[in-house]
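Subject: Structure handover

Hello,

Here is the structure for you to look over. My notes come after it.

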Amino acid sequence: MKKKGAEILIECLEREGVEFIWGIPGGQAIPIFDALYDSKKIKLVLTRHEQGAAHMADGYSRSTGKIGVCVATSGPGATNLVTGLATAYMDSIPMIAITAQVPTKMIGNDAFQEADVVGITRPVTKHNYLVKDINNLAKTIREAFYIANTGRKGPVLIDLPSDVAKAETEFVWPEDVVMKNYNPTYKGNINQIKKAAEEINKAKKPVIYAGAGILAAVASKEFKAFAEKTGAPVGLTLLGLGCFPGTHNQFIGMLGMHGTRTSNLAMHEADLIIAIGARFDDRVTGNLAFFAKNAKIIHIDIDPTSISKSVRADIPIVGDAKNVLPELTKQVTAGKHQEWWAKINEWKKNFPLAYSKKGGLKPQFIIEQIYELTKGKAIVATEVGQHQMWTAQFFKFDTPRSFVSSGGLGTMGFGLPAAIGAQFGNPGKLVFDISGDGSIQMNIQELIIAVEHKLPIKIIILNNGCLGMVRQWQQLFWKKRYSGVDLSIQPDFVKLAEAYGAAGMRVTKEEEVKETLEKSLKINDRPTLIDFRVAKEENVLPMVPAGAAITDAIDYKDVELA
Amino acid sequence: MKHTMSVLVENKPGVLARVAGLFSGRGFNIESLTVGETEDAAVSRMTIVVGGDDMILEQISKQLNKLIDTIKVIDMTEKQFINRELALIKVAVNSGNRGEVMQVVNIFRGKIVDISSKTFTVEVTGTDDKINALLELLLPFGIKEMVRTGSVALTREWQKEEPKKR
């Protein structure tokens, strides 16, 4: 049967199992939206900004493991997706972006709403396509989904000129994806696994350093079995949170700049670091010159380019955690490491995550309250900044895909749309967006989507009247010269929420926190926004200053004394 | 150290931009890059000469491999290989030194492919070392213009030993 390009696109998306598309139409995108109009399987969600659409698709992906899809028109619509694509790319999130393009004959002519989208998005996508021939369209879409969701995952963009969307051809669904040059490695090399097991069995002070690769590989179960058999302490990256239970007794906390002192000291003292699905990011390693000098390094990752990029691996294993870990678990002997744990437990005792209760309503207290009230059973999205780090520190994530946050790119404005995407993908679940007064204003327009679709998201604003993380750096490292961080002139967030049709609440005292949160949990037909007026000068601690060794953290007591 | 990488890629639009973008985006330096069709019209071969330490070279090679359009990456430097570059050099000459320039060019088995009252245009092929040596000898006469293609390379059929594995 003959079909139009746009119809082929929608049919392919349906066959790929797409449930939602987030996006905004425009002149060149009308054919695509026209085809969407007839789809019974795909729900179109009209966002208010394309960046919101990209983050919604991303939040849906992160929270469900399925592939989120967003769509935008040519030119400004497409360029508005760029931040969302870069966010997903940095965190290896599978996503498909469809952009309309001016007709093929006009490409390169500076046509109205034309932009070189394939050129602009090349560095922020895993791969991208400009489809100039309708006969390649179905194959391209198949490939795009395959590429996005295999190997090290990532966003793929398809740029579709409107004349191709309107042209007709015989539609044939390509049953198989044939890509002879793209073959990600899933199974680890047997000899390398054997070597790794030998090192693990020899180690006296092993540390497991795991990241979002465990989540991407859906290998939490395999990972837990491995970790429990080795008996080694487990430190996680920001994005790895939830891949191993935050309440597990082998968990020593988040690693890196705002990680626990215990996890950083353990990495420093270790004689063996077992890195799995993590990439030795600078926020984790601190100054490389001092990083883990006495440790051998086993690095398991699906992406060969991640291995020995910043830290040389002694035993590299290219493969995915789901395949490699069971094999490795078989070959390691059960360990207890009592001496090592004695030391770790002493660190735990001496350097707990803590904060001073003095000086007003404390943001950390609010996170603790949310954790207790929900018993941790929630999907928590965050924006980027202090609130994000407090969430990572004080909320214990026990289940995979319960923490949704922009790690690599650090995109403010990510949380609200991501929470919306997560709620679409998890209709029965409790979804939070923990935010700051700076970040929330970066995509606040998407609040209306939650109202329109009756999504009962809880938006928590930890409102300190400033861009807190930058203020913190200025306080600690820039002689308190608070340049460009004051947000004291701000909208009345409660009224703003109400203007959108959401419930708005405000909390200024500690004793109101619990009851207000409880009240918000009862609201099921619309989003709730709670404006928490928190202590302005509260800092995220411990903190390893940028460029310092991970052992040189500033703790909350140091700041209190100063 | 300088490495010569031979990269087989799909012969289609945008691939060169991806490769070039990979180098610029990650701060790697390209010394030279040539690209052309191979025996298979669907495949292009890029010969890229790059500098850097082992860790950078390993990254470059892995990043090139990671591109969806890349078919194969060969680090020639680990093997026996033939590499050639072509240069066209326009040298200033006068009635007094024409003979001397011709002698130099002959020794390098170059050809004079264009001639005017004031210039010779010399065509020479060889390794970049050879071309550099010729250039040094021609420099005193005055080089008006020059163009070099960058290296192209193929592995030798005969290899001394198994190439070392990374």
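Below is what was found, from the whole chain down to single residues.

**Status**

Please keep in mind that this is a predicted model.

**Chain A overall**

Chain A has 562 residues, and a compact globule of that length would have a radius of gyration near 24 Å; the chain has 24 Å, which agrees. Along the principal axes, its C-alpha atoms fill a box of roughly 70 × 60 × 40 Å. The secondary structure comes to 23 helices and 20 strands.

Buried residues make up 62% of chain A. Take the contacts with a separation of 6 or more: 75% of them are between residues 24 or more positions apart. The exposed area of chain A is about 22100 Å². Carbon and sulfur atoms supply 52% of that area.

On charge, chain A carries 66 positive and 60 negative side chains. The centres of the two sets lie 4 Å apart.

**Salt bridges**

Over all chains, the structure holds 36 salt bridges. A few are worth opening in the viewer.

Start with Glu199(A) and Lys202(A). Their closest N and O atoms are 3.4 Å apart. Both residues sit in helix 9 (residues 190-202) of chain A, with their positions 3 residues apart, about one turn of the helix. An α-helix has 3.6 residues a turn, so residues three or four places apart point the same way. Are the two partners buried or exposed? Glu199(A) counts as buried, because its relative accessibility is 14% and the cut-off is under 20%. Lys202(A) is exposed, at 57%.

Next is the pair Arg506(A) and Asp492(A), bridged at 2.8 Å, N to O. Which parts of chain A does this pair tie together? Arg506(A) lies in strand 19 (residues 503-507), and Asp492(A) lies in the loop between helix 20 (468-477) and helix 21 (493-500), so the bridge joins parts that are 14 residues apart in sequence. Arg506(A) is partly exposed, with a relative accessible area of 32%. Asp492(A) is also partly exposed, with 31%.

Arg533(A) and Asp531(A) form another salt bridge, at 3.0 Å, N to O. Arg533(A) is partly exposed, with a relative accessible area of 34%. Asp531(A) counts as buried, at 0% relative accessibility.

These last two pairs belong together. Asp492(A), Arg506(A), Asp531(A) and Arg533(A) are linked in a network of salt bridges.

**Helix 12 and its cover**

Helix 12 (residues 261-269) of chain A is mostly covered. How many of its 9 residues are buried? The count is 7. They are Arg261(A), Thr262(A), Ser263(A), Asn264(A), Leu265(A), Ala266(A) and Met267(A). The cover over these buried residues includes strand 9 (206-210), strand 11 (251-254), strand 12 (272-276), helix 13 (282-285) and helix 15 (338-350) of chain A.

Arg261(A) belongs to this helix. Its relative accessible area is 14%, which makes it buried. What does Arg261(A) contact beyond its neighbours within four places in sequence? Its partners are Phe351(A), Pro542(A), Thr551(A), Ala553(A) and Asp555(A).

Ile252(A) is in strand 11, one of the elements that cover the helix. Ile252(A) is buried, with a relative accessible area of 3%. Leaving out residues up to four places away in sequence, it touches several residues, including Thr262(A), Ser263(A) and Ala266(A). Pro233(A), Val234(A) and Gly235(A) are also among its contacts, as are Trp341(A), Ile344(A) and Lys348(A). Ile252(A) and Ile344(A) are 92 residues apart in sequence, yet their C-alpha atoms are 8.4 Å apart in space.

**Backbone points**

Pro542(A), already named as a contact of Arg261(A), follows a cis peptide bond. That bond joins Leu541(A) and Pro542(A), with omega about 0 degrees. Pro542(A) lies in the loop between strand 20 (528-533) and helix 23 (556-561) of chain A.

Two residues other than glycine have a positive phi to check. Phi of Lys480(A) is near 55 degrees. Lys480(A) is in the loop between helix 20 and helix 21 of chain A. It is exposed, with a relative accessible area of 51%.

Phi of Arg109(B) is also near 55 degrees. Arg109(B) lies in the loop between helix 3 (98-107) and strand 6 (111-115) of chain B. It is exposed too, with a relative accessible area of 76%.

Best wishes

Definitions and conventions:
Residues are numbered from 1 along each chain as its sequence is written. Chains are lettered from A and ligands numbered from 1 in the order in which they are written. This is a predicted model: local features need pLDDT of at least 70, side-chain atom pairs count only at pLDDT 80 or more; totals for chains, interfaces and linings use all residues. Side-chain values use heavy atoms; hydrogens and water are left out. Helices (H or I, at least four residues) and strands (E, at least two) are DSSP runs, numbered from the N terminus. The radius of gyration is taken over C-alpha atoms; the globule rule is 2.2 Å times the number of residues to the power 0.38. Buried means under 20% relative accessible area, exposed over 50%, partly exposed in between (1.4 Å probe, protein chains only). Contact means heavy atoms within 4.5 Å. Accessible areas come from the Shrake-Rupley method with a 1.4 Å probe; for residues, only the protein chains shown count as cover. Lys and Arg count as positive and Asp and Glu as negative; His and the chain ends are not counted. The place of a charge is taken as NZ of Lys, CZ of Arg, CG of Asp or CD of Glu. A salt bridge is a side-chain nitrogen of Lys or Arg within 4 Å of a carboxyl oxygen of Asp or Glu.
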